[in-house]
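These are my notes on the structure, set out as numbered points for you to follow alongside the coordinates. Please read each one with the residues named in it on display.

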Amino acid sequence: LATAEVNKLSNPSNIDGSELETFYNSSKAKYMQFKLDDIYVAFTLSDAPQPAGEPRILTKAEARQKIVKLLDQIHAGADFKQLAVENSDDNSRKQNGYFETLSPADTNIPDVVRNAIFKLQAGEVTGIIEQPAGFYLFKAEEVKVKPFSEVRDQVYTEYKQQRLFNQMEDLKRQNKAQIIPELLKKDEPKK
């Protein structure tokens, strides 16, 4: 019976569009998307000889020096995309600086990167972000909220989950369990 009640609560038949839009409007930050460009400067921590004929990978100190100079150039007005094409050690070099479009709902983003990029406004650049094998600079090319029409199914699912959670919390508040010590006493065997 309890399972049937939970199923009923988690699959309501009476959610209307205005409830979903209200929920969407109250939590738009979840539906933000950030179109990012990046500059990545790789480094190696190894002292081993590097393969002949391959581009030389910088030491950490050299990479830090390079990324600092690039950030200084950006602050002085240099074109971020052009610097990415000329200097980046990742695919953004081949994609005119483009890195990826990310959303706060994405789960595979390192915390240090997440904390930097999701604070950006369009046109802003992060500070230098160190990762295990290189340094990054990110620029938010575009920051926007996904339209309700694109995220309606996601909103519906999240709304149902939030509504179920709220209803379960209400049930917990209304139904406090009590322990009555007298009922816990064992019956004494009859003699």
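1. A convenient place to begin is Asp-37, which stands opposite Lys-139 in strand β5. Please keep in mind throughout that the model is predicted, and that the remarks below describe the model as such.

2. The side chain of Asp-37 also meets that of Lys-81 in a salt bridge, with an N to O distance of 3.0 Å. Because Lys-81 belongs to helix α4 (residues 80-87) whereas Asp-37 belongs to strand β1, this pair ties together parts of the chain that are 44 residues apart in sequence. As for accessibility, Asp-37 counts as buried, at 0% relative accessibility, while Lys-81 counts as partly exposed, at 24%.

3. How much of strand β1 is buried? Of the 13 residues in this strand (residues 32-44), 11 are buried, so β1 is largely enclosed by the rest of the structure. When looking along the strand, one may recall that in a regular strand the side chains alternate between the two faces of the sheet.

4. The pairing of β1 deserves a separate look, since three partner strands are recorded here. With β5 (residues 134-145), β1 pairs in the antiparallel sense over 11 bridges, and with β3 (residues 98-102) the sense is again antiparallel, over 4 bridges. In the latter pairing, Leu-36 has Glu-100 of β3 as its bridge partner. Strand β2 (residues 58-59), by contrast, pairs with β1 in the parallel sense over 2 bridges, and there Thr-44 has Thr-59 as its bridge partner.

5. On aromatic side chains, the structure holds 9 aromatic pairs. Tyr-40, Phe-99, Tyr-136 and Phe-138 form one aromatic cluster; by residue number, Tyr-40 falls in the range of β1, Phe-99 in that of β3, and both Tyr-136 and Phe-138 in that of β5, so that the cluster draws on strands that β1 pairs with as well as on β1 itself.

6. Turning to the helices, α2 and α6 pack at an angle of about 90 degrees, with their axes 9 Å apart, which makes α2 roughly perpendicular to α6. On the α2 side the contact is made by Gly-17, Glu-19, Leu-20, Glu-21, Phe-23 and Tyr-24, and on the α6 side the contributing residues include Phe-148, Val-151, Val-155, Tyr-159 and Arg-163.

7. Glu-158, which is also among the α6 residues in that contact, forms a salt bridge with Lys-30, the closest N and O atoms being 3.7 Å apart. This pair links distant parts of the chain, for Glu-158 lies in helix α6 (residues 148-174) and Lys-30 in the loop between α2 (17-26) and β1, 128 residues apart. Is each partner buried or partly exposed? Glu-158 is buried, with a relative accessible area of 18%, a value that falls under the 20% cut-off, whereas Lys-30, at 38%, counts as partly exposed.

8. A search of the whole structure finds 8 salt bridges, and one of these joins Glu-142 and Lys-144, whose closest N and O atoms are 4.0 Å apart. Both partners are partly exposed, Glu-142 with a relative accessible area of 37% and Lys-144 at 36%. Elsewhere, Lys-60, Arg-64 and Glu-130 are joined into one network by salt bridges that share partners.

Terms used:
Residues are numbered from 1 along each chain as its sequence is written. This is a predicted model: local features need pLDDT of at least 70, side-chain atom pairs count only at pLDDT 80 or more; totals for chains, interfaces and linings use all residues. Side-chain values use heavy atoms; hydrogens and water are left out. Buried means under 20% relative accessible area, exposed over 50%, partly exposed in between (1.4 Å probe, protein chains only). Two strands pair if DSSP finds at least two bridges between them. Rings of Phe, Tyr and Trp (its six-membered ring) pair if their centres lie within 6.5 Å; planes under 30 degrees apart count as stacked, over 60 as edge-to-face and the rest as tilted. Axes are lines fitted to C-alpha atoms, for helices over the stretch in contact, and angles run from 0 to 180 degrees between N-to-C directions. Angles under 35 degrees count as roughly parallel, over 145 as roughly antiparallel, 65 to 115 as roughly perpendicular and the rest as oblique. Contact means heavy atoms within 4.5 Å.
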